[in-house]
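User: I would like a close look at one part of this model, with the reasoning spelled out.

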Amino acid sequence: MTRAYVLHPDLRRRADGEGPSRDSKARLSEALSLARALGALDLVGGEIVPLPNPRPGLLFGSGKIETLKTFFKTEEISLVVVDGPLSPVQQRNLEKEWGLKLLDRTGLILEIFGERARTREGVLQVELAHLTYQRSRLVRTWTHLERQRGGFGFLGGPGETQLEADRRMIDERVIRLKADLEKVARTRELHRSARRKVPYPIVALVGYTNAGKSTLFNRLSTAEVMAKDMLFATLDPTMRLIETPSGRPVILSDTVGFISDLPTMLVAAFRATLEEVLEADLLIHVRDVSNPDHEAQKADVLSVLKDLGVEESKIHGAVEALNKIDALDPEEREAWLNAASRRPDAVAVSAQTGENLPALLDVVEGALTRDAREVSLVLAPEGGDALAWLYRQGLVASRKDEEDGAIRITALMTESEEGRLRKLYAERIRD
């Protein structure tokens, strides 16, 4: 196995100057977890490197580079993971100095996604992100940049450099991948269109990676989605039909976890998958409150949701599942339970033990119906299927059967539910 070491450059403050500052120890712990998530690595350890003044060419100072070079040689390290962005020049120079392979945070996440992708769409998305990343780094990848012979005659013209040829091949492959993904996206849109005809609201689980989304999904739906104490354990979205305490059917969707500094090419590549979140009627934001960095993680999740184009009202209307209270000491656990009890949109839960999950479903049901209002409808005599739909949803407040066979209904429903009803059973409703 490849012996690896993790370096977390501590830049002291967020580069954008916004949001909660990240705890360096928590960031290093996350980087180590990311490295462990790549199965082929023998992780030796990691350290925080204070970096008040990053060097443009080498990132670290010359003294630290020499110290680390000796350490890497002694420990027979062959791969170093730098938990942060590296420019192609910095990556090339550090690899030269240390005589080993380097991965920055983006490269590491891409490797993990490449290892975990299972569906055709996932594989295509990861390959597209990989190629986009590699294209910017051809400057360090190739040393044989001599020109190839071109044109006619004995000597020919100057031709193109190897760098240009590689870039052209990548561009051609990217075009093919985008075309393939367009086909997959069209198929996914057909599936979404079919789901829109299903008269059930969609509730999507979102959250930071390893916050416990898949464990919660399995608990609520009795599904068997892969759930491990591992970053990015699941990549592909999964959906199951569940029921709220009142018997109301709901489609529950599990999505890929977010992470700080998620590579922009991954956000773009996985947009089709993450767009499941856009289709949801309600979001459940699963938070790992046992993590000391949970506030910064929340800020990262909200930032990605905004980048995806999720409506502000949907983000602010999300239900918070304050997860992993089983991992807290009794005093902290009690504090979170008390804090959640004072909020109508939050429940302190343990997906691992199942604690407070019925209360979470109660809050979800309340959130789905909080915009409900009284709607008066008259169903035609042949509208039994529409009536059955209303009863299945638990929306009927009162009913009166008319002499001509028509059915007068008063229903408590949201605007989107009324829209579904009218779309499905337009010919059964008398206005």
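What covers the buried residues of α14? Please describe the helix itself and the sheet beside the answer as well.

Analyst: The model is predicted. The cover over the buried residues of α14 includes helix α12 (294-308) and the strands β9 and β10.

The helix comes first. Helix α14 runs over residues 330-341, which makes 12 residues. At 1.5 Å a residue the expected span is 16 Å, and the end C-alpha atoms are 16 Å apart, so expectation and model agree.

The buried residues of α14 are Trp336, Leu337 and Ala340. These residues cover an arc of only 100° around the axis, which means that they sit on the same side of α14. The general background is that an α-helix has 3.6 residues a turn, so residues three or four places apart point the same way. Glu331 and Ser341, on the other side of α14, are exposed.

Two of the covering elements, β9 and β10, are strands of an open sheet. That sheet has 6 strands in the order β6-β7-β5-β8-β9-β10, and its pairing is mixed. The edges are taken by β6 (238-243) and β10 (346-348); each has a single partner strand, so one side of each is left without a neighbour in the sheet. Neighbouring strands here are turned by 25° against each other on average, with direction ignored.

Strand β9 covers residues 319-323 and pairs with β10 in the parallel sense over 3 bridges. Within this pairing, Ala321 stands opposite Val347 in β10. Strand β10 thus has two roles in this description: it is an edge strand of the sheet, and it is among the elements that cover the buried residues of α14.

For a contrast elsewhere in the chain, consider the aromatic residues. The model has 6 aromatic pairs. One of them is Phe72 with Trp98, an edge-to-face pair at 5.0 Å centre to centre with 85° between the planes. Phe72 lies in helix α2 (residues 62-74) and Trp98 in helix α3 (residues 88-98), so the pair ties together parts that are 26 residues apart in sequence. Phe72 counts as buried because its relative accessibility is 2%, and Trp98 is buried with a relative accessible area of 8%. Both belong to one aromatic cluster, formed by Tyr5, Phe60, Phe71, Phe72 and Trp98.

To return to the part asked about: Trp336, Leu337 and Ala340 are the buried residues of α14, and their cover includes α12, β9 and β10.

Conventions
Residues numbered from 1 in each chain as written. Predicted model: local features only at pLDDT ≥ 70, side-chain atom pairs only at ≥ 80, totals over all residues. Heavy atoms only, no water. Phe/Tyr/Trp six-rings, centres within 6.5 Å; stacked < 30°, edge-to-face > 60°. Helix = DSSP H or I, 4+ residues; strand = E, 2+ residues; numbered from the N terminus. Buried < 20%, exposed > 50% of the residue type's maximum accessible area, 1.4 Å probe, protein only. Pairing = 2+ DSSP bridges. Axes fitted to C-alpha atoms, helices over the stretch in contact; angles between N-to-C directions. Expected span 1.5 Å × (residues − 1). Arc of directions from axis to C-beta. Contact = heavy atoms within 4.5 Å.
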